[in-house]
Amino acid sequence: MLPVAGIGLRSPHLAEIARDRPATGFLEVHAENYLAASPARQAVERLRQDYELSIHAVGLSLGSADGLDEVHLDRVSALIARLQPALVSDHLAWSVSDGRYFNDLLPLPYTEEALQLVTRNVDRLQEKIGRQVLVENPSCYLAFNHSTLTEPEFLSELARRTGCGLLLDANNIVVTAHNLRLDPTSWLNDLPAAAIGEYHLAGHAMNEADGETILIDDHGSRVSDNVWSLFQEIVRRHGPRPTLIEWDTDLPAIGVLLDEARRADEALDARKGTDARAA
């Protein structure tokens, strides 16, 4: 996929996009919304003729100690075979235990034991779907005292062991860095640029808790200025990649998403221009 900006395809916008075919680099769909045959999935299949697609799973639970749910994996794999997306991704998190699904992306300790577990699950996923998957950095609200690796170290080693790619979510980096008192630009150090396959951008909320401001990854507003600044730094360091505007709550008119995507395209194009002049 070319390093262009796209938007998340959400159900309230499906009919409008199917009718008007607005110009955007690609569309991302959440896998779990289209596992079953439905008019909505048929509409997405028709859109496949005009747009490149990215499939973003939220329920594979790559950090599950129980291993992947083979029934769910079969359904996701079948959807990937049907839609033939350019990119496939999920999160560095877990959301299933003893067959019970939780409606959250839950955190992992960054230890060798957890790394071996996630490596097994990513290997199984890539074996099943027969292609590379991108693993996204989550938003963090706590850190485990017994973690022995930083999140970037964990992701880098996961990519080295499995051959998976990385999906860098700039908003998640800003949220994590604020909540855990880290430097967001230092978070970027030592990441394997060649493994990075996609970027995500989204808005976040600010809540007060015990007298402190906590950032919440709610995907419910425009991308904030500090996330745009970090995105420009990411593109400067690692180069342009396909970039998604995510918006899942308080969904605005589709024109707002397209406007955010245009801004992302401008940042990507600025770096492309620099690369061209350097060449």
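Me: What makes the crossing of helix 6 and helix 8 right-handed?
Reply: In this predicted model the near helix is turned clockwise from the far one, by less than a right angle, so the crossing counts as right-handed. Helices here are DSSP runs (H or I, at least four residues; strands are E, at least two), numbered from the N terminus. Numbering starts from 1 along each chain, local features need pLDDT of at least 70, side-chain atom pairs count only at pLDDT 80 or more, and totals for chains, interfaces and linings use all residues. Side-chain values use heavy atoms, with hydrogens and water left out.

Me: How do you know that helix 6 and helix 8 meet?
Reply: Contact means heavy atoms within 4.5 Å. Ala170, Asn171, Ile173 and Val174 in helix 6 meet Asn226, Val227, Leu230, Phe231 and Ile234 in helix 8. Seven residues of that contact are nonpolar, two polar and no charged. The axes, lines fitted to C-alpha atoms over the stretch in contact, come within 9 Å and cross at roughly 115° on a scale from 0 to 180 degrees between N-to-C directions.

Me: Why is the space around Val58, His91, Asn103, Asp104 and Leu105 called a pocket?
Reply: Because it is an open set of points on a 1 Å grid over the protein atoms alone, with protein on both sides within 12 Å along at least five of seven lines. Lining residues have an atom within 4 Å of a point, and 28 residues line this one. Strand 6 (residues 100–106) gives the largest share, six residues.

How values were computed. 1 Å grid on protein atoms, 1.4 Å probe; cavity = no way out; pocket = protein on both sides within 12 Å on 5 of 7 lines; lining within 4 Å. Nonpolar A, V, L, I, M, F, W, Y, C, P; charged D, E, K, R; others polar.
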